[in-house]
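Colleague: Hey, could you walk me through this one? I'm new to reading structures, so plain words please.

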Amino acid sequence: MSDPSGVSHPLTAATTVAGVIGDPVRHSRSPAIHNAAFRSCGLDWVFAGWEVGAGGGAAAVEAMRTLGLGGLSVTMPLKAEVAAAVDRCSGAATTLGAVNCVAVEGSELVGHNTDGAGFVASLRAEGIDPAGRRVVVLGAGGAARAVVAAMAEAGAESVTVVNRDEARGRRAAMLAGDRGRLGTTADVAGADLLVNATPVGMAGTPGLPVPAEVLEGVAAVADLVYQPLETELLTEARRAGVVAIDGLGMLVHQAAAAFELWTGRPAPVAVMRQAADTGASSVV
Ligand SMILES: NC(=O)c1ccc[n+]([C@@H]2O[C@H](COP(=O)([O-])OP(=O)(O)OC[C@H]3O[C@@H](n4cnc5c(N)ncnc54)[C@H](OP(=O)(O)O)[C@@H]3O)[C@@H](O)[C@H]2O)c1
């Protein structure tokens, strides 16, 4: 199968169309991941991408209804707009006020947030159960908030948020209830799991989100950044003998959860990871 789109069957008027909306969206890995999954399951589905900027979320949801799309992935800057536009939100999407996946459920368009569950699944795939762990999350944006809520739900002993903007950090920590609190970089050293949910380490924002010395006392480090796959943080973690988990696992597992919501079938996770890895090696 040499078609780089990942689509191998003839598209017809009966093909179910799904896709990702957001801005930027042109370099999204989601089409490669989902088209590989549809192909592997023999489904007559295709996944595309539409550049929709701020203010376009409600119209995109209406378009989904009108055109009979099978599913939507939602990325920046539309997650809150889409949460307000769908017929109803699931538990995580309601808690976070953010939707990353819209599914058709009967006559309703339902907003879900699969980021947190995807992150937990990516940890479990690496043999790490968050239950009973002391977790430190760097950042307080959309990804961090999903992780904080998911860590608490998965039974973490404590969830400490470290963020530049302290008020925002405190609000994110509240998503973990009485196990959440705002902390500082000094809290990192005692963590069972350190999660980088800032963009520091991304191509274009190089560097370390915390000084390398504090990693010595950490048991595991997960970086949500996946471009590049091997961030400076992960390199330093490995150098310190710390378990290091890249951000592609979360990307794949949140997509797998979306696939299951849309199709009602178990997701072919290994196929999706392979498609994401191929994309990772072909995107600078
Ligand atoms: N692997 C995956 O599937 C996945 C999914 C979602 C996101 N991500 C990645 O996660 C990262 C965060 O995404 P997001 O959507 O949560 O972004 P976001 O909503 O813009 O939040 C970014 C957070 O990082 C902090 N931050 C930004 N620049 C910083 C810097 N130079 N130093 C320290 N802190 C900084 C911000 O702090 P302030 O509050 O102080 O501004 C904010 O808390 C991105 O790299 C994104 O690609 C990965």
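Modeller: Sure, let's begin with helix H5. Its buried residues are Asp-115, Gly-116, Gly-118, Phe-119, Val-120, Ser-122 and Leu-123. Buried means under 20% relative accessible area, exposed is over 50%, and partly exposed is in between (1.4 Å probe, protein chains only). Helices (H or I, at least four residues) and strands (E, at least two) are DSSP runs, numbered from the N terminus.

Colleague: Anything I should know about the model itself?

Modeller: It's a predicted model, so local features need pLDDT of at least 70 and side-chain atom pairs count only at pLDDT 80 or more, while totals for chains, interfaces and linings use all residues. Residues are numbered from 1 along each chain as its sequence is written, and side-chain values use heavy atoms, with hydrogens and water left out.

Colleague: OK, what covers the buried residues of H5?

Modeller: The cover includes helix H3 (79-85), H6, strand S10 (193-196), S11, strand S12 (243-245) and H9. Contact here means heavy atoms within 4.5 Å.

Colleague: How do people describe two packed helices?

Modeller: By the angle between their axes and the distance between the axes. For H5 (residues 115-125) and H6 (residues 142-153), the axes come within 8 Å and cross at roughly 65°. Axes are lines fitted to C-alpha atoms, for helices over the stretch in contact, and angles run from 0 to 180 degrees between N-to-C directions.

Colleague: Which residues of H5 and H6 meet?

Modeller: From H5, Asp-115, Gly-116, Phe-119, Val-120 and Leu-123; from H6, Ala-146, Val-147, Ala-150 and Met-151. By class, that contact of H5 with H6 has 7 nonpolar, 1 polar and 1 charged residues. Ala, Val, Leu, Ile, Met, Phe, Trp, Tyr, Cys and Pro count as nonpolar, Asp, Glu, Lys and Arg as charged, and the others, Gly among them, as polar.

Colleague: And what comes just after H5?

Modeller: Gly-127, with a positive phi of about 80°. H1 is also followed by a glycine, Gly-42, whose phi is positive, near 70°.

Colleague: Let's switch to H1. Why is it largely enclosed by the rest of the structure?

Modeller: Because 8 of the 11 residues of H1 (residues 30-40) are buried. Among them are Pro-31, Ile-33, His-34 and Phe-38.

Colleague: Is His-34 in contact with anything farther along the chain, I mean, which residues?

Modeller: Leaving aside neighbours within four places in sequence, His-34 is in contact with Phe-47, Ser-73, Ala-255, Ala-258, Phe-259, Trp-262 and Met-272. Its relative accessibility is 1%, so His-34 counts as buried.

Colleague: What about Glu-166, buried or partly exposed?

Modeller: Glu-166 counts as partly exposed, because its relative accessibility is 48%. You'll find Glu-166 in helix H7 (residues 166-173).

Colleague: Which peptide bonds are cis?

Modeller: The bond from Asp-23 to Pro-24 is cis, with omega near 5°, and so is the one joining Gln-227 and Pro-228, with omega about 10°. Pro-24 sits in the loop between strand S1 (16-22) and H1. Pro-228 is in the loop between strand S11 (220-223) and helix H8 (232-239).

Colleague: Nice, that covers my list. Thanks!
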